[in-house]
Structure formats: C-alpha cells, structure tokens
Amino acid sequence: MRLANQVVVIVGGGSGIGLAVAKLAHREGTNTIILGRTLSKLEQAKDSIGENTKAIAIDVMDEAAVTQAFDKIGDFDHLFISAQDASTASLSTTTIEKLRPTLDSKIWGALQVVKHGVSQMRVGGSITFISGLAGRRGYPGFAVAGAANAGIEAVARNLAVELAPIRVNTVCAGVIDTEMLDKVFGEKRGEIVEAISNKLPVKRIGKPEEIADAVLFLMSNGFVTGATLLVDGGDALV
Ligand SMILES: NC(=O)c1ccc[n+]([C@@H]2O[C@H](COP(=O)([O-])OP(=O)(O)OC[C@H]3O[C@@H](n4cnc5c(N)ncnc54)[C@H](OP(=O)(O)O)[C@@H]3O)[C@@H](O)[C@H]2O)c1
C-alpha cells in the first residue's frame, strides 16, 4: 500500500493506460478521480475501479472546464495525464485541422491541467506524463504524434525544475494493447501488432497494467524527478 489514503487524479482515466493506472492506484489504497470527455465511459470505468472513485467529464482543451474540475477535486496528491485526442496520418494527405488536436490535447491540454491543478497538490505530490517512441525516431504518419511525444518529455523536464519540490516524470511507452491502436492502425491492427511483436526482444506488445506499474513507481519513489522511464519491451533497441 505505497500510496494509502492519498488522492490520485488521472486525466484520461476512462480507458486504456489511464484506467489501468486508476485500478492499480485504487488497489494501493488511494482515492482515485478519473477525468475524460465521455461521461458514460467514465461511469463504466468508475464501476470497474471500485469504491472511493469519482468521475468528472471534461475536455482538457476547455480551460474553464479544467478550472471547474479542480474546484470539485479539492486537494490531491498525484496527477497522471494520459488524455490525448490522437490521430496519425501522412502530412500530404490530411489537413492541419485534423492533425492539430493530437498535439494540442497532449501539450496544451496537459499544461492547462497542470496550471490549474498544481496549487492544490499536497506536499510530496507528483506529476507523471506519458510519451512514446515516435518522439525519438521516425514512422510514416507520425510527425505530429512524434512532436507531441518529444514535447511532453521536454515539458516534464522543465516543470521538474520549475515546480520543485513537486516531482515531474514521464513514462515513455512502447506499443501497448489499448483502444488507441484501433485508431492508429485501423483495419491493419492485427497484422501490424504481429509484425511488431515478432521484432521486439520480448516477442509481444505491452499491457496497460505494465505501464501502470511504472507510473505507480514514479508516483511513489520520492527521489525520482525529471526522469523519462522507458517501458517498451526493448523496442528502442531494435
Ligand atoms: N497505446 C499505446 O501504444 C501508447 C504508446 C505510447 C504512448 N501512449 C500514450 O498513452 C496515452 C493514453 O493512450 P491509451 O493507449 O491509453 O489510449 P486511450 O484508451 O484512447 O486513452 C486516451 C484517453 O484520453 C481521453 N481523452 C482523449 N482526448 C481527451 C481530451 N481532449 N480531454 C479529456 N480526455 C481526453 C479519452 O477519453 P474520451 O475520448 O472519452 O475523452 C481516453 O479515455 C496517450 O497520451 C498516448 O499517446 C500510448
């Protein structure tokens, strides 16, 4: 029970990695508050997490709604932000308008959440972001997603200094089995996942629970700040 009785806020907690973090944090004895845009999804997620869980529907791009959400949340200990309105597409075949939310939600969304939440964080608190390998190397169609991933790691390092002693870290995840893969790989999800699995040293893609474990480590280890923890099944090596 590393975080017993603490309050953990998870922005993007209605599905995927955010939901896995909420479930693990709940098992560690925390009160969890999950945020996302779709109330029905959040309510379902809340029921799957257990008692002492709250759900608040907001779009991280709506600054007024973010402020109101933190009025409802009150004081809290740890923040994990996984919300991203992500899409991938080649620059030449799509519009800037369609690509913009991928960067805006990840960077400006996260900054708005931190800006309006941080004054309510208790002593010993931490912020954890999530990035991916597109921020470090090239994939067709990932220029904007790559900028978002590289950018959020830079945000974390700079805020780790600016907001100290609050600790700020990032988990850089490999390919993780969540709904986001449907959006990113579409109909080819199965064959792309198989090809990636064959290439990886661990011979499979990751589970959301494996990222949640890393997030809980960063929340609970008081000596880690400004770090980017790679949890990728060896993807960066191959
Ligand atoms: N899956 C991977 O392979 C992978 C790898 C590396 C990094 N990541 C990162 O991990 C994070 C989580 O991804 P995931 O795989 O867990 O996908 P996911 O299940 O789609 O989770 C994203 C969550 O964010 C919420 N969200 C999206 N836009 C939002 C907005 N504007 N305001 C508030 N909430 C918003 C979504 O709910 P609503 O749509 O209801 O708002 C959803 O619950 C992303 O930042 C992604 O870049 C994922």
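This text goes through a predicted model, starting at its ligand and ending at a few backbone details.

The ligand has 30 residues around it. Among these, G16, R37, T38, G132 and T178 are the closest. Several elements of the chain take part in this shell: the helices α1 (16-27), α4 (96-117) and α6 (180-185), together with the strand β5 (121-132), contribute at least two residues each. By residue class, the shell contains 13 polar, eleven nonpolar and six charged residues.

The backbone is the next topic. Most peptide bonds are trans, and residues other than glycine mostly have a negative phi. The places described below depart from these habits.

One of them is a peptide bond. Between A164 and P165 the bond is cis, and its omega is near 10 degrees. To find P165, follow the chain out of α5 (143-162) into the loop that leads to β6 (167-173).

Two further places concern phi. N5, which is not a glycine, has a positive phi near 70 degrees. This residue sits in the segment that comes before β1 (7-11). N5 counts as exposed because 10 other C-beta atoms lie within 10 Å, and the limit for an exposed residue is 12 or fewer.

K203 is likewise a residue other than glycine with a positive phi, here near 65 degrees. Its place is the loop that joins α7 (189-199) to α8 (208-220). K203 has 10 C-beta neighbours inside 10 Å, so K203 also counts as exposed.

Conventions: Residues are numbered from 1 along each chain as its sequence is written. This is a predicted model: local features need pLDDT of at least 70, side-chain atom pairs count only at pLDDT 80 or more; totals for chains, interfaces and linings use all residues. A residue is near a molecule or strand if its C-beta atom, placed from the backbone, lies within 6 Å of it. Helices (H or I, at least four residues) and strands (E, at least two) are DSSP runs, numbered from the N terminus. Ala, Val, Leu, Ile, Met, Phe, Trp, Tyr, Cys and Pro count as nonpolar, Asp, Glu, Lys and Arg as charged, and the others, Gly among them, as polar. A residue is buried if 20 or more other C-beta atoms lie within 10 Å of its own, exposed if 12 or fewer, and partly exposed in between; C-beta atoms are placed from the backbone.
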